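Colleague: I would like to go through the charged pairs and one of the helices in this predicted model. Please show it, and then I will ask.

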Amino acid sequence: MSETATFAAGCFWGVEHIFNQHFKQYGIVTRVGYTGGDPVGPTYQQVKTGTTNHAEVLRIQFDPSKVSYETLVEFFYKMHDPTTLNSQGPDIGSQYRSAIFYHSKEQKTIAERVTIEVSEKYYKEGVVTQLIEAQPFYDGEEYHQFYLEKNPEGYACPSHFLRW
C-alpha cells in the first residue's frame with residue numbers, strides 16, 4: 001500500500017533531486033508542485049512572486065514496507081536548513097519555507113517526534129519548520145519535473161546538502 005509525504009524545503013528542483021538520489025532504489029515516485037495557499041491551481045509565475053502563500057513542494061509516493069515515513073522526515077531535516085524562516089540559501093520568500101504537510105494523524109505524530117529529536121541533536125538554535133495538515137496539491141509545470149536530471153548544470157540551491 002502506498003503512502004504520500006509532502007515536504008517544502010526551498011526550491012523544489014534540488015529537493016526532488018536529492019530525495020531521488022537517495023531513495024529512488026526504494027521505489028519512491030516524486031512530483032514537484034505547490035500547496036498551502038491561494039489561488040486554486042497556481043502557476044509557477046504566480047507562486048514565484050511570494051504573494052500566494054503556496055510553498056514549492058515535493059510530493060513523494062512511497063511504500064512504507066520499503067522506506068518509512070520517519071526515515072523520509074529525518075532525511076528532510078538532514079538535506080536542508082530548517083532554521084531559516086522563509087528562505088533556503090539565496091532563495092527568499094514564503095514559497096521557500098520549511099514545512100511538512102502531513103497526511104494523517106500518524107504522520108503528524110511522527111513529524112512532531114522527529115522534529116524534536118533533530119532539534120535537540122542537530123539544530124539547538126531552533127527549527128522553524130511548519131507542521132501543516134496536507135492541503136490540495138497542485139502539480140508543477142512539466143518542465144519543473146526532474147529538472148536537475150534533465151538539466152545537470154541547472155540551478156541547485158546551495159543549502160541542499162546532507163548535514164550528517
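Colleague: In the salt bridge where the side chains of R113 and E117 meet, what is the N to O distance?
Modeller: R113 and E117 both belong to helix α4 and are four residues apart, about one turn of the helix. An α-helix has 3.6 residues a turn, so residues three or four places apart point the same way. The two side chains meet in a salt bridge, with an N to O distance of 3.4 Å.

Colleague: Is E117 buried or exposed, or partly exposed?
Modeller: The cut-offs are under 20% relative accessible area for buried and over 50% for exposed. E117 has a relative accessible area of 38%. That value makes E117 partly exposed.

Colleague: Which residues are joined into one network by salt bridges that share partners?
Modeller: The side chains of R31 and E142 meet in a salt bridge at 3.2 Å, N to O. Salt bridges with shared partners make one network of R31, D139 and E142.

Colleague: How many residues apart in sequence are the parts that R31 and E142 tie together?
Modeller: R31 is in strand β2, residues 29-35. E142 is in the loop between β8 (138-139) and α5 (147-150). The pair therefore ties together parts whose separation in sequence is 111 residues.

Colleague: Which helix holds E70, the residue that forms a salt bridge with R113?
Modeller: The closest N and O atoms of R113 and E70 are 3.2 Å apart. R113 lies in helix α4 (residues 105-121), so the pair ties together parts 43 residues apart in sequence. R113 is partly exposed at 33% relative accessible area, and E70 is partly exposed at 30%. The helix that holds E70 is α3, residues 69-79.

Colleague: How many salt bridges does a search of the whole structure find?
Modeller: Among them are R31 with E142, R113 with E70 and R113 with E117. The search of the whole structure gives a count of four.

Colleague: Why is helix α1 largely enclosed by the rest of the structure?
Modeller: Helix α1 covers residues 12-23 and reaches 16 Å from its first C-alpha to its last, close to the 16 Å expected. Its buried residues include F12, W13, I18 and F23. They pack against β1 (3-9), β2, α2 (44-47), β3 (55-62), α3 and α5. The helix is largely enclosed because the buried residues number nine of the twelve.

How values were computed
Residues are numbered from 1 along each chain as its sequence is written. This is a predicted model: local features need pLDDT of at least 70, side-chain atom pairs count only at pLDDT 80 or more; totals for chains, interfaces and linings use all residues. Side-chain values use heavy atoms; hydrogens and water are left out. Helices (H or I, at least four residues) and strands (E, at least two) are DSSP runs, numbered from the N terminus. Buried means under 20% relative accessible area, exposed over 50%, partly exposed in between (1.4 Å probe, protein chains only). The expected span of a helix is 1.5 Å times one less than its number of residues. Contact means heavy atoms within 4.5 Å.
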